[in-house]
Amino acid sequence: MTSRVREGQTPGGYGIVERSAASSDVARIAERIRLVGHAVLPGGFSSAEIADLGMRLEQVMARQIEEFGGAERMAAIGDTFTARCPLAYDEAFLSLAAHPVVLALCRELLGDYVVLMQQNGVINPSGQRHTQLAYHRDLPYQHFVSSRPLAVSALFCIDPFTTETGATTLIPGSHRMEQFPSDVVAADLDTPVSAEPGSFIVFDSMVFHRAGDNASGRPRRGVNHVFSVPIIAQQISLPEALDGRHADDPALARLLGYGVVPAPSVAAWRERRLARQRSASASATTDTRS
């Protein structure tokens, strides 16, 4: 939101006739993300809740290694330290994906229709190499910029994110640049983001970022979420992975992508559209009578 400012009204500056008007904490955080690309958001989780999520993430990782046929097969595809779609294995992780303040921030940046494109547990082991050490965007291989964000990442910190544990480092403002910067400039701008356990590092998904080197002697764990506008396909179909769970909850169904699953046929697409129109008409009739 932009407001006009009368001459002489703006403190600490002159020649300014337009100024962003952030009317809430969420709006102010969103403004920071638009400008520099990232912010840290307290999650409000207790120490016991954070420890429980850490234990559950380890269990999901072990289960996924076993179901794929062992660590050697996981290593062959570079996935040894990534627990994909943990909410499909343990619904405790749904509390992260549906965090109300994170979703409010995503809606401020993306609009009302927000879809969870992916949720991945990320484990940064101490003293080991892994894929997350390389710079990347959470919308990889894309070299364009848009006037508004297409996706927002929210990395939940289970362990402390510090320079010692391998905090996420990013290049501020790189969501506004099509190309990756030169090595010298990237090194000069590389910024570690420190965060306490239980907080979210929220950033425009087009920001170039990477995990830092972990020299702490223990793993640094987190759960990353990518929320997107509904024109972007999910990494893994959550409606299929969840086997239809939460389809009867309108808010969760939208977040989890039930409304954007491609129709298998023309007839099915038309039936879906007809059902939506009937539902909308029924709601309008109810509102009129109440």
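Two strands count as a pair if DSSP finds at least two bridges between them. Keep that in mind as you explore this predicted model.

**Stop 1: a small group of strands**

Select residues 169–170, which form strand S7, and then strand S8 at 191–192. S7 and S8 pair in the antiparallel sense, joined over 2 bridges. To see one of the partnerships, pick Leu170 and look across to Thr191 in S8, its bridge partner.

Now add strand S10, residues 209–210. Together these strands make an open sheet of 3 strands, in the order S8-S7-S10, with antiparallel pairing. Which strands sit at the edges? They are S8 and S10, each of which pairs on one side only.

**Stop 2: strand S9 and its partners**

Next, select residues 199–204, strand S9. This strand is mostly covered, with 6 of its 6 residues buried. Turn on the side chains: in a regular strand they alternate between the two faces of the sheet. Here, Ser199, Ile201 and Phe203 point one way, while Phe200, Val202 and Asp204 point the other way.

What pairs with S9? Add strand S3, residues 38–42, which runs antiparallel to S9 and is joined to it by 5 bridges. Then add strand S6, residues 151–157, also paired with S9 in the antiparallel sense over 5 bridges.

Zoom in on Phe200 in S9. Phe200 is the bridge partner of Leu41, and also the bridge partner of Phe156.

**Stop 3: Ser228**

Move on to strand S11, residues 220–228, and click on Ser228. Is Ser228 buried or exposed? Its relative accessible area is 0%, so Ser228 is buried, the cut-off being under 20%.

To see what surrounds this residue, leave aside its neighbours within four places in sequence. Ser228 is then in contact with Leu110, Tyr113, Val114, Val115, Met117, Leu150 and Ala151. Ala151 in that list belongs to the residue range of strand S6, which you selected at the previous stop.

**Stop 4: a loop residue**

Finally, select Asp79. Where does Asp79 lie? Look in the loop between helix H3 (71–76) and strand S4 (82–84). Asp79 has a relative accessible area of 10%, which is under 20%, and therefore this loop residue is buried.

Show its contacts, again leaving aside neighbours within four places in sequence: Asp79 touches Met61, Met74 and Arg84. Two of these fall in the elements on either side of the loop, with Met74 in the range of H3 and Arg84 in the range of S4.

Conventions
Residues numbered from 1 in each chain as written. Predicted model: local features only at pLDDT ≥ 70, side-chain atom pairs only at ≥ 80, totals over all residues. Heavy atoms only, no water. Helix = DSSP H or I, 4+ residues; strand = E, 2+ residues; numbered from the N terminus. Buried < 20%, exposed > 50% of the residue type's maximum accessible area, 1.4 Å probe, protein only. Contact = heavy atoms within 4.5 Å.
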